[in-house]
Amino acid sequence: MTSADASPSLTVVRALLALGVVFVLLATTGWTTIRHRPVPGPSRGAALTAWAHDRIDRRPLPDPATTPARAVAAFFAGLGTARGARLAERHPLVVGNLNGAPVALRYRANRITLGRALTTERVRIDDARLSAEGRHEARRRVDRFASLMRPGRQILAFDPTGTGRTAEVLGDLERARRVSVVVPGVDTNLLTFQKTRGRYGAPEGMASALYAAEREAAPRTRVAVIAWADYTAPAVVGVDAVTGRLAEAGAVRLVELTGALPGDARVALFCHSYGSVLCGVAAPRLPARVTDLAVAGSPGMRVRTAAELSTHARVWAMRDADDWIADVPHLELGGVGHGADPVAPEFGARLLSADGAGGHSGYFEPGTESLGNFAAIGVGAFPSLVCARADSACHDGISGAEGA
């Protein structure tokens with residue numbers, strides 16, 4: 001065997017060994033720390049079936065799977081407020097998750113579904129057939145649903161089926177000029193949507209911190225922030241965490257969300273950990289209103305360079321010096337692994353400082369340069385960005401605040 005023959009084989013062996021390291025790291029670093037078993041809940045399938053059989057003025061209702069958001073919006077505009085409200089009461093699980101339906105009506109529909117889900121879980125707590133673990137899970141779901149129903153919370157999406165999905169809006173989404181969407185990573189579900197301990201590592205805390213920072217950075221700019229946990233994320237160490245299957249499904253949902261947002265606000269995506277994989281897959285299909293795509297603690301975006309994302313949006317990347325994700329091999333082989341490192345200079349992203357983040361889960365902690373940079377992107381205050389290095393070119397081609 002010649003050296004020329006041996007070289008490709010050696011490359012493959014090294015790649016396979018590196019992928020083995022990926023699994024070891026994921027098992028030891030806490031990327032996935034909580035496991036949830038699916039629990040009974042309202043059937044989305046049954047809700048969709050009931051919707052499909054309903055009629056308004058003898059006309060079928062718009063198909064949630066195939067009707068464009070603009071056509072859904074036109075349908076509800078033709079219904080009027082009163083009939084739209086009655087439809088939401090009959091089919092809250094569908095209307096609450098229907099892109100193009102009026103935002104206020106989605107909030108109302110999701111409160112109805114939350115109330116029903118809360119009642120179901122309260123009954124389950126007293127079910128003698130449940131194991132101690134099952135009752136504990138039911139109590140946690142009761143606490144989560146009750147919290148999401150608190151006055152003032154604006155739930156844009158809610159599906160309690162299995163481990164569940166949700167999205168929450170901070171601010172006035174219909175009047176906002178700038179909308180930020182937080183896309184979280186592995187182990188995102190209804191029970192991990194918000195936390196008391198480690199609040200700013202969970203979607204609700206991330207979005208709350210970003211919203212407060214944006215309002216401080218630009219008090220006169222109308223902003224809204226969406227905590228977007230409306231996709232099925234990898235839940236345990238395994239194939240899902242190091243492949244793109246769930247990212248691809250989630251990307252479809254993210255593209256649909258950004259295309260259906262009301263008004264003409266500019267949109268920025270803030271993608272953490274596995275959420276950056278999802279954003280990378282979604283990038284080529286994002287609407288023109290998405291002007292910025294920022295990733296933090298990324299294992300890769302399933303491309304070799306930022307140019308391969310085929311997006312008009314500016315691509316930003318940051319990683320804290322103490323983030324363990326730096327030790328995960330940035331490669332892809334046979335669909336396993338997520339590709340090049342977004343903070344590598346050759347990737348081509350605009351590199352930002354993450355000073356103060358303190359590891360993999362601290363990018364949205366108040367007072368950090370990472371959060372300050374996110375807020376500056378969110379409101380278009382680009383001159384205030386802090387680049388990763390003094391000689392970095394993260395400001396190149398940008399002048400002043402754009403469309404604030």
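**Note on helix packing, cores and a hairpin**

1. α8 passes α12 in a right-handed crossing. The model is a predicted one. Helix α8 covers residues 203-217 and helix α12 covers residues 369-379. They pack at an angle of about 65°, and their axes lie 8 Å apart. On the α8 side, Ala209, Leu210, Ala213, Glu214 and Ala217 make the contact. On the α12 side, Leu371, Phe374, Ala375, Gly378 and Val379 do so. By class, the contact of α8 with α12 has 8 nonpolar residues, 1 polar and 1 charged.

2. A second helix pair to look at is α10 (residues 245-260) with α11 (residues 274-282). The angle is about 65° and the axes are 8 Å apart. The crossing of α10 past α11 is right-handed. From α10, the residues in contact are Arg245, Leu246, Ala247, Glu248, Gly250, Ala251, Leu254 and Val255. They meet Tyr274, Val277, Leu278, Cys279, Val281 and Ala282 of α11. This contact divides into 11 nonpolar, 1 polar and 2 charged residues.

3. Next, the cores. In soluble globular proteins, nonpolar side chains tend to be buried together. Here the largest nonpolar core holds 49 residues. Leu173, Val179, Val181, Ile226, Trp228 and Leu254 have the most contacts inside it. A second, separate core has 48 residues, including Ala229, Trp316, Ala376 and Phe382.

4. Val181 deserves its own point. Neighbours within four places in sequence are left aside here. Val181 is then in contact with Ile226, Trp228, Leu254 and Leu257, and also with Val267, Ala268, Leu269 and Phe270. Leu254 also appears in the contact of α10 with α11.

5. Strand β3 (residues 154-159) has 5 of its 6 residues buried, so it is largely enclosed by the rest of the structure. β3 runs antiparallel to strand β4 (residues 165-171), and 5 bridges join them. Asp159 stands opposite Arg165 in β4. The hairpin of β3 and β4 has 5 residues between the strands. In this hairpin, Gly162 takes a positive phi near 60°.

6. Finally, a loop residue. His330 sits in the loop between β9 (314-318) and β10 (350-351). Which residues does His330 touch, not counting those up to four places away in sequence? They are Ser298, Pro299, Gly300, Arg319, Ile325, Gly339, Ala340, Asp341 and Pro342. His330 and Arg302 are 28 residues apart along the chain, and their C-alpha atoms are separated by 9.5 Å.

Definitions and conventions
Residues numbered from 1 in each chain as written. Predicted model: local features only at pLDDT ≥ 70, side-chain atom pairs only at ≥ 80, totals over all residues. Heavy atoms only, no water. Axes fitted to C-alpha atoms, helices over the stretch in contact; angles between N-to-C directions. Helix = DSSP H or I, 4+ residues; strand = E, 2+ residues; numbered from the N terminus. Left-handed = near helix turned anticlockwise from the far one by under 90°. Contact = heavy atoms within 4.5 Å. Nonpolar A, V, L, I, M, F, W, Y, C, P; charged D, E, K, R; others polar. Core = buried A, V, L, I, M, F, W, Y, C linked by side-chain atoms within 4.5 Å. Buried < 20%, exposed > 50% of the residue type's maximum accessible area, 1.4 Å probe, protein only. Pairing = 2+ DSSP bridges.
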